[in-house]
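Open the model in your viewer and keep the selection tool at hand. The tour below goes from stop to stop, saying what to select and what is there.

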Amino acid sequence: MLLNSTAPSRHWRKPAVRVALLLLLALAFVLLTGVLDGGAGVAPAQLLGQPRFPLANAWPGLLLAGVLLAISRRALLSFGLAFLLQGVVYAVNTLKVANLGTPLLPDDFRMVGQLRKGGAHLLFGYLPHSPWPWLGLLAGVALIVAMWRFEPPLFPRRTRGKRLLGGAVLALALASILAGQSAWSHLYNARVLWLEPWSASSTSAHSGLISSLVMFHLQYGQGKRKPDVAAASQLIGQSTAALQQSMHTPGTGDALPDIVVIQSESFFDPSIMRGYEYSSFAPNLRRLADHGISGSLHVPTFGGGTIRTEFEVLTGLSLRYFENLQFPYLQMSHKSVPSLVHVLNAHGYETTALHGNDPAFWNRIAAFKSLGFKRFVSQSSFPANAAMDGKYMADSAMTTEIMQQLKDSGPPQFIFAISLEAHGPYDVEPADPAERDAIPVPDGITGVDKQELQTYLYHLQHADAELGRLVGWLAQRQRPSLVLFYGDHLPGLSNSYRITGFVNGGDMLSQAGTWLLVDPHSQGQPVHEDTAAWLLPGRLLAQAGIHDDAYFALTGVVGPQLAALTEAPGAPPPAEGSDMQKLDNAMASVNQLRMNGKLDKLLPKAALPVTGGIAHSDTSPTRPPATAALPQ
């Protein structure tokens, strides 16, 4: 029964033995953390060559182990539990890298709060289906329980406050790291450790995952960049003539068009992949591009983070200029955010967001209210028998709902529709497995990678078909209309990309998506235009004949010069001291002033956006008479 005693074993009573044991456990923790990490900079062999790298990476875990030791008085239990919890973080990182191609970042932990807001079914879909990881976790938990039950305490229960004081000091140190206290920047920075601000992957490979999380937290979690009002004023002053010309473009006199924006989940043109150069998985997109405006679209994310692209398209603000805004809808604190929606509200539009998912996920209810949407048609508003394909609602159901929402009379309408069918993971059986299995894949892609690529392309073809169906239906209506269609990001098919490569020789993070702006009633000449997501709303307003918002007019004047800077998520800034850097910095200040509602006084006189509320729709509104889909 000696092992069950709450008193320390006689063997541990000697202070020298205790210290030796703790040092040995700490050394083992550092070495095993390096093995678990796998990064070149924190490998066990680096402990002699550059010890601060593996030590810094293991330091938060060591602090946690110390806190647990003060509470439990059991050394093996404390270090084992700290290592197990650290292992869970590494496991989540492995899943993110496998599915999205990028390692964990501090703001990813905001997703924990989304589990109870409709995100559990989506996020849990990425968990491993193999039983081995779960068995390993279960074995670790069993080992921890055994340590708690049988390991003798290292210290007596009463230590005259020493154990309490030591635990409190360690807890405060750990809390200060989690809070991002600037004092830790003396250790976790680019001069002491490796920090590549534009590549979280490079940072974690050299400095270790834990160190990279701390460094990015310290770099981007503190404060906001202060706008340079003088630089913003100078840029606006230099652009005044072009702005005045743009804002006073004479209208056509025609009625404002209905506008439908389709944010198509993970949509891109697979012909940019080697092996698919001559493929045609998106025939409707190409057909409509022959009489529309289309091109490559640079977005601020890859494989996930839909709301990053969504935020840029709805606001016209570039997330390059808001480094601490990783998940904008979860971090927005403004009651009203300047947006495309507010401008359309001011012009008499009925503004509706439409998404066949839980409205609480990504905090869209509050975000859409801030952005100015008057209605939000979400999952509960769709018919109970809305079609599903794979894990999510089919794009065909979304298209049908768009048709039902558009009225044949009354004020112009703006519908922002967010599709879901092509969302990963891509290991869920689609409605028609035979159709999926008939899709060819490039040489070298086999097994699970082959099936996931086929599943994605199966859903992509449906998205393209629904684009054709919608535009064909709108062409038969009497009301003028515009359709903006774009992909929010490339899908996270990292293994397939590594096997095939891309036609342009770039990596997967540098590949652009695609966009299309088309008038269903027009048969004009095609226009090719490569752009960035944050420039789309200004382009859309100009095409709709709305020219009186000075900020969006400015994005049309200055933006094309800056579009290339957003060619990839986290792309590097322009050369130091160059004219492009000065322009970029000035536009950053313009964006920050715009977000804070302080830009209007610097802009030429224009109609100011009107803010509005949102009525979340739990039941579908009164529907206009159903209209059968016409042949394309």
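**Stop 1: two backbone angles**

Select Ser266, which counts as buried at 1% relative accessibility. The model is a predicted one. Ser266 sits in the loop between strand E1 (258–264) and helix H11 (283–289). Its phi is near 60 degrees, a positive value in a residue other than glycine.

Now go to Arg73, in the loop between helix H3 (52–72) and helix H4 (75–100). Arg73 is not a glycine, yet its phi is positive, about 65 degrees. Is Arg73 buried or exposed? Arg73 is buried, with a relative accessible area of 4%.

**Stop 2: a cis peptide bond**

Select Gly424 and Pro425 and look at the bond that joins them. The peptide bond from Gly424 to Pro425 is cis, and its omega is near 0 degrees. Pro425 belongs to the loop between strand E7 (413–418) and helix H17 (433–437).

**Stop 3: an enclosed helix**

Select helix H12, residues 306–315. How many of the ten residues of H12 are buried? Ten of the ten are, so the helix is largely enclosed by the rest of the structure. The buried residues of H12 include Arg308, Glu310 and Glu312, along with Ile307, Phe311, Val313 and Leu314. Step on to Gly316, just after H12, where phi is positive at about 75 degrees.

**Stop 4: two pairs of packed helices**

Two packed helices are described by the angle between their axes and the distance between the axes. Keep both in mind for the next selections.

Show helix H16 (residues 395–405) together with helix H18 (residues 447–475). Their axes come within 9 Å and cross at roughly 15 degrees. Angles under 35 degrees count as roughly parallel, so H16 is roughly parallel to H18. The crossing of H16 past H18 is right-handed. To see the contact, select Asp395, Ser396, Thr399, Thr400, Ile402 and Met403 in H16, then Ala463, Glu466, Arg469, Leu470 and Trp473 in H18. By class, the contact of H16 with H18 has five nonpolar, three polar and three charged residues.

Next, show helix H10 (residues 229–247) with helix H21 (residues 550–562). Here the axes are 9 Å apart and the packing angle is about 105 degrees. Angles of 65 to 115 degrees count as roughly perpendicular, and H10 and H21 are therefore roughly perpendicular to each other. On the H10 side, select Leu235, Ile236, Ser239, Ala242, Leu243, Ser246 and Met247; on the H21 side, Ala550, Ala553, Leu554, Val557 and Val558. The contact of H10 with H21 divides into ten nonpolar residues, two polar and no charged.

**Stop 5: aromatic rings**

A pair of aromatic rings is described by the distance of the centres and the angle of the planes. The count of aromatic pairs comes to 17. Select Phe368 and Phe376, which form one aromatic pair. Their ring centres are 5.0 Å apart and the planes are at 70 degrees, an edge-to-face arrangement. Phe368 is buried, with a relative accessible area of 0%. Phe376 also counts as buried, at 0% relative accessibility.

For the last selection, take Phe268, Phe302, Tyr426, Tyr456, Tyr497 and Phe502 together. Ring pairs link these residues into a cluster.

Technical notes. Residues numbered from 1 in each chain as written. Predicted model: local features only at pLDDT ≥ 70, side-chain atom pairs only at ≥ 80, totals over all residues. Heavy atoms only, no water. Helix = DSSP H or I, 4+ residues; strand = E, 2+ residues; numbered from the N terminus. Buried < 20%, exposed > 50% of the residue type's maximum accessible area, 1.4 Å probe, protein only. Axes fitted to C-alpha atoms, helices over the stretch in contact; angles between N-to-C directions. Parallel < 35°, antiparallel > 145°, perpendicular 65-115°, else oblique. Left-handed = near helix turned anticlockwise from the far one by under 90°. Contact = heavy atoms within 4.5 Å. Nonpolar A, V, L, I, M, F, W, Y, C, P; charged D, E, K, R; others polar. Phe/Tyr/Trp six-rings, centres within 6.5 Å; stacked < 30°, edge-to-face > 60°.
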